[in-house]
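Here are some short exercises to work through with the model open beside you. Try each task before you read its solution.

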Amino acid sequence: MTAVKIAPSILSADFSALWQDVLKVEEAGAEYLHIDVMDGHFVPNITIGPLIVKALRPKSKMFFDIHLMIENPDLYIEEFIKSGADLVTVHAEPVHHLHRTVSLIKEKGARAGVALNPATSPAVLEYILPLVDLVLLMTVNPGFGGQAFIPEVLPKITAVRKMLERCGSSAEIQVDGGINRETAAAVVKAGANVLVAGSAIFGSEDIAAAVRQIREAAEG
Ligand code: DX5
Ligand code: ZN
């Protein structure tokens with residue numbers, strides 16, 4: 001099994017002291033910085049845009065993992081990449097031409113991820129899997145931090161792991177939503193290797209300890 005990566009979601013960080021919170025998770029050894037972008041259309045919440053990504057970029061060496069929960073992502077992909085995104089993940093549900101969108105991300109120089117809501121079948125990935133660097137399986141319905149983990153997604157994690165093995169892909173499987181010390185082991189056992197956690201990390205008194213505890217739980 002490949003090593004587990006921890007991706008703190010800044011959605012639950014202190015926005016009045018954002019870069020200091022980023023520094024805390026970087027110093028704690030978290031690998032990816034998960035940045036949730038919401039447009040008030042695809043999901044009923046509005047968060048941050050490329051300006052914030054650009055402002056954080058010189059403050060951190062972390063891998064910037066941008067989770068776009070927006071309609072028409074093609075309009076914004078280049079700007080996010082210019083602002084410092086290392087990986088751009090789009091949702092399959094609002095995108096009409098997924099192959100085109102994934103190709104655009106690669107063409108503009110970032111890694112490409114595809115996210116699926118809990119109810120979305122992984123069949124949509126079948127013919128684009130060779131282009132994809134990361135599959136994000138939502139373990140809550142996207143839009144808010146602090147929601148409860150949806151266990152029905154576990155078999156989908158295993159199904160996607162098998163799909164990747166069948167086509168010889170080294171793409172990562174990321175899970176997002178309700179990940180904490182209690183749920184980490186089950187998602188890794190099912191086949192995930194990148195764990196997003198927002199409230200379990202930034203809601204903790206000791207951010208470094210929270211990162212460590214999730215990693216320990218994940219690695220068993
Ligand atoms: C939800 C976001 C998540 C969110 C996770 O739509 O995509 O990244 O921050 O928050 P927790 O870890 O609190 O469930
Ligand atoms: Zn997210």
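The exercises below go from the annotated sites to the ligand shell, a helix and the core.

Before you start: this is a predicted model, in which local features need pLDDT of at least 70, side-chain atom pairs count only at pLDDT 80 or more, and totals for chains, interfaces and linings use all residues. Residues are numbered from 1 along each chain as its sequence is written, while chains are lettered from A and ligands numbered from 1 in the order in which they are written.

**Exercise 1. Find the residues that UniProt gives as "active site", and work out where they lie.**

Step 1. The unreviewed UniProt entry places this feature at D36 and D176. UniProt positions follow the numbering used here, feature names are shortened, and annotations may be inferred rather than shown by experiment. The two positions span 141 residues in sequence, yet their C-alpha atoms are no more than 10.6 Å apart, so they gather at one spot.

Step 2. Now assign the elements. D36 is found in strand β2, and D176 belongs to strand β7, residues 172-176. Helices (H or I, at least four residues) and strands (E, at least two) are DSSP runs, numbered from the N terminus.

Step 3. Check burial. A residue is buried if 20 or more other C-beta atoms lie within 10 Å of its own, exposed if 12 or fewer, and partly exposed in between, with C-beta atoms placed from the backbone. D36 has 24 such neighbours and so counts as buried; D176, with 26, is buried too.

Step 4. List contacts, meaning C-beta atoms, placed from the backbone, within 7 Å. Leaving aside neighbours within four places in sequence, D36 is in contact with S9, L11, T47, H67 and M69. On the same terms, D176 is in contact with H67, L136, M138, T139 and V196.

**Exercise 2. Describe the shell around ligand 1, and look at two "binding site" glycines.**

Step 1. The shell has 21 residues, and the closest are S9, P142, G145, G198 and S199. Here a residue counts as near if its C-beta atom, placed from the backbone, lies within 6 Å of the molecule.

Step 2. The elements that give two or more residues to this shell are β2 (32-38), β8 (194-197) and α7 (199-202).

Step 3. Turn to the record: the "binding site" positions in the unreviewed UniProt entry include G146 and G198. G146 is in the loop between β6 (134-138) and α5 (154-166), and G198 is in the loop between β8 and α7. With 13 other C-beta atoms within 10 Å, G146 is partly exposed, whereas G198 has 25 and is buried. Beyond four places in sequence, G198 touches S9, L11, S12 and G145.

**Exercise 3. Which residues of helix α1 are buried, and what covers them?**

Step 1. In α1 (residues 18-27), V22, K24 and V25 are buried. They cover an arc of only 155 degrees around the axis, which puts them on the same side of α1. The arc is that of the directions from the helix axis to the C-beta atoms.

Step 2. The face turned away from that buried side carries the exposed residues Q20 and E27.

Step 3. The cover over the buried residues includes β1 (5-8), β2, α2 (50-56), α7 and α8 (207-219).

Step 4. After α1 comes G29, with a positive phi near 90 degrees.

**Exercise 4. Pick out a residue of the largest nonpolar core and list what L195 touches.**

Step 1. A nonpolar core is a set of buried Ala, Val, Leu, Ile, Met, Phe, Trp, Tyr and Cys residues joined through C-beta atoms within 7 Å. The largest one has 73 residues, of which I66, V88, V135, L137, I157 and L195 touch the most other members.

Step 2. Not counting residues up to four places away in sequence, L195 touches V4, I6, A7, V175, I179, A184, V187, I214 and A218.

How values were computed. Two residues are in contact if their C-beta atoms, placed from the backbone, lie within 7 Å.
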